[in-house]
Amino acid sequence: MADLEITVDVDECIGCGACVTEAPETFDMNDEDKAFVKEPPHDEQDMILAGAEACPTDSIKVVDKATGEVLYPLD
Ligand code: F3S
């Protein structure tokens with residue numbers, strides 16, 4: 001798997017938990033019901049991207065660290 005930089009914008013996160021459902025070894029919820037990224041993430045890249053895509057508020061950004069390519073969100 002590519003080395004990914006995964007970030008959650010906690011100001012945008014509404015705590016719906018869809019990211020955790022899609023990629024439970026990558027995302028988890030904190031005590032304030034906001035998602036955070038587990039280090040290191042253990043899901044396959046497809047699952048991580050599915051988690052990002054499932055977020056209703058587009059709070060998750062995924063970047064390939066090696067190339068700088070933004071894998072999510074796409075334009
Ligand atoms: Fe938050 Fe979006 Fe996950 S609202 S809990 S980052 S699916």
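**Figure 1. Buried and exposed residues of helix H2 in the predicted model.** Helix H2 covers residues 45-54. Its buried residues are Ile48, Leu49, Gly51 and Ala52. These residues lie on the same side of H2, because they cover an arc of only 150° around the axis. Asp46 and Glu53 are exposed on the other side of H2. As a rule, an α-helix has 3.6 residues a turn, so residues three or four places apart point the same way.

**Figure 2. The cavity of the predicted structure.** Rolling a probe the size of a water molecule over the atoms shows where empty space is left. A search of the whole structure turns up 1 cavity of 30 Å³ or more. The largest cavity has a volume of about 90 Å³.

**Figure 3. Lining of the largest cavity.** The lining consists of 15 residues. Nearest the centre of the cavity lie Cys13, Cys16, Gly17, Cys19 and Cys55. Sorted by class, the lining has 11 nonpolar and 4 polar residues. No charged residues take part in this lining.

**Figure 4. The ligand and its shell.** The ligand sits in the largest cavity. It is surrounded by 13 residues. The closest are Cys13, Ile14, Gly17, Cys19 and Cys55. The shell around the ligand has 9 nonpolar and 4 polar residues. Charged residues are absent from the shell.

Definitions and conventions:
Residues are numbered from 1 along each chain as its sequence is written. This is a predicted model: local features need pLDDT of at least 70, side-chain atom pairs count only at pLDDT 80 or more; totals for chains, interfaces and linings use all residues. Side-chain values use heavy atoms; hydrogens and water are left out. A residue is near a molecule or strand if one of its heavy atoms lies within 4 Å of it. On a 1 Å grid over the protein atoms alone, a cavity is a set of points where a 1.4 Å probe fits but cannot get out, and a pocket is an open set with protein on both sides within 12 Å along at least five of seven lines; lining residues have an atom within 4 Å of a point. A molecule sits in a cavity or pocket if more than half of its atoms lie within 2 Å of its grid points. Ala, Val, Leu, Ile, Met, Phe, Trp, Tyr, Cys and Pro count as nonpolar, Asp, Glu, Lys and Arg as charged, and the others, Gly among them, as polar. Grid points are joined across faces, edges and corners, and a volume is the space filled by probe spheres set on the points. Buried means under 20% relative accessible area, exposed over 50%, partly exposed in between (1.4 Å probe, protein chains only). Helices (H or I, at least four residues) and strands (E, at least two) are DSSP runs, numbered from the N terminus. The arc is that of the directions from the helix axis to the C-beta atoms.
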